[in-house]
Amino acid sequence: MIIKSLAVFLDYAVIYTIEFQKRGLPHAHILVFLCSEFRVVHPNNIDKIICAEIPNKEREPRLYDIVSTLMIHGPCGDQRQGSPCMFNGKCTKYFPKKFVDSTVIDSEGYPVYRRRDNGVFIKKGDAFVDNRYVVPYNRTLLLKYNAHINVEWCNQSRSIKYLFKYVNKGHDRVTATFYNTSDESYDEIKMYYDCRYLSACEAIWRIFSFDINYREPSVDRLGFHLEGEEPVVFEDHEDLEDVINKPHVRDTKFLAWMEANKIYSEARDLTYSEFPLKFVWKASERKWTPRKQGQSIGRYTML
Ligand SMILES: [Zn+2]
């Protein structure tokens, strides 16, 4: 629902999440939807933004240094079977890629970036890597930030769904084991704990209350229900009669949407999922009111 709404109604959107690994710096996974006038549809235009080749060492020495230090995968495959990305003799990230003369979009809708067999290579320890090992990058971003920034083009809804799943995946966990060496009869099961792992980086990030997730525009969850089957949330200790007699207990977003349609004529041109584009949900008043600024998109959820 999000993807459909984005494609139809919005000019741009961005979503990101910060992922903390067990060590090292945090990773940002950023998904950007471009305005229709800037949308890249032709493979030739992909080449202007994304490159998967080793830069010319003489012409662009700084970019060459950054790419060879930060944007080379592995080495793995036949040159280094012991690389952490290898599983059952194959690279789990599908490197080395194939040499390709020009960027194409394959039959599945995935981009295959240009990686010319031009004899250019970089020596990494005792291994030699060529264009097949370059992680796709954007020249301007690398020169500006001098950091590992992988830039990919995605258009197919399948890859977008995958990214959404990826940007929403859960926290890192560790299984910790504790041994009491002085006690012979320790309970093995009790000794294992599934722990949430918090690195120093993440601790600082949270202390400063930096965003872990960000969405622009925001997404409104739109519940729906059958007549007389509004969900009611209450605390364990509350008296059920009091709960039912609360003034706004029956004013769900769904029913309030119907009420708003009675009041505002412009509301009648919008479906329920389009509603957050032009109306704002006021939780305290349990009412939809015409939106004055910004925008939001709707997503249906079963209550
Ligand atoms: Zn690999």
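Two strands count as paired if DSSP finds at least two bridges between them. That idea helps with one part of this predicted model, where valine 280 has threonine 289 in β14 as its bridge partner. Welcome to the structure! Besides this pairing, look out for a zinc ion held by His73, Cys76, Cys85 and Cys91, and for eight salt bridges.

**The β13–β14 hairpin**
- Strand β13 covers residues 279-282, and strand β14 covers residues 287-290.
- The two strands run antiparallel and are joined by four bridges, so they pass the mark of at least two bridges needed for pairing.
- Together β13 and β14 make a hairpin, with four residues between them.
- In the turn you will find arginine 286, whose phi is positive, at about 55 degrees.
- Side chains in a regular strand alternate between the two faces of the sheet.
- In β13, Phe279 and Trp281 are on the covered face, while Val280 and Lys282 are on the uncovered one.

**The zinc site**
- The zinc ion has four protein donors: NE2 of His73 and the SG atoms of Cys76, Cys85 and Cys91.
- These donors lie 2.1 to 2.4 Å from the zinc ion.
- Along the chain, the donors follow the spacing H-x2-C-x8-C-x5-C.
- The arrangement is tetrahedral because the four donor atoms subtend angles of 105 to 119 degrees around the zinc ion.
- For comparison, the ideal angle for four tetrahedral donors is 109.5 degrees.
- Two of the donor residues, cysteine 76 and cysteine 85, are both buried.

**Salt bridges**
- Aspartate 126 pairs with arginine 80, and their closest N and O atoms are 3.3 Å apart.
- Aspartate 126 sits in the loop between β7 and β8, and arginine 80 in the loop between α3 and β3, so this pair ties together parts that are 46 residues apart in sequence.
- Aspartate 126 is exposed, at 61% relative accessibility, whereas arginine 80 is partly exposed, at 31%.
- Aspartate 130 forms a salt bridge with arginine 132, with 3.0 Å between the closest N and O atoms.
- In this pair, aspartate 130 is buried, at 14% relative accessibility, and arginine 132 is partly exposed, at 26%.
- Lysine 262 and glutamate 259 form another salt bridge, again with the closest N and O atoms 3.0 Å apart.
- Both lysine 262 and glutamate 259 belong to helix α8 (residues 253-263), where they are three residues apart, or about one turn of the helix.
- Lysine 262 counts as exposed, with 60% relative accessibility, and glutamate 259 as partly exposed, with 41%.
- There is also a network of salt bridges that links Asp47, Glu53, Arg114 and Arg116.

**A nonpolar surface patch**
- Ile30, Val32, Leu34 and Phe38 make a nonpolar patch of about 400 Å² on the surface.
- One of these residues, valine 32, has its place in strand β2 (residues 27-33).

**Tryptophan 205 and phenylalanine 20**
- Tryptophan 205 is part of helix α6, which spans residues 200-207.
- With 22% relative accessibility, tryptophan 205 counts as partly exposed.
- Tryptophan 205 and phenylalanine 20 are 185 residues apart in sequence, and their C-alpha atoms are 9.8 Å apart in space.

Technical notes
Residues numbered from 1 in each chain as written. Predicted model: local features only at pLDDT ≥ 70, side-chain atom pairs only at ≥ 80, totals over all residues. Heavy atoms only, no water. Patch = residues over 30% accessible without salt bridge, like charges linked within 9 Å, V, L, I, M, F, W, Y side chains within 5 Å. Areas by Shrake-Rupley, 256 points an atom, 1.4 Å probe, with all protein chains shown as cover. Salt bridge = Lys/Arg side-chain N within 4 Å of Asp/Glu carboxyl O. Donors = N, O, S within 2.8 Å, 3.2 Å for Na, K, Ca; no water. Tetrahedral: all angles 85-135°; square planar, octahedral: opposite > 155°, others 65-115°. Buried < 20%, exposed > 50% of the residue type's maximum accessible area, 1.4 Å probe, protein only.
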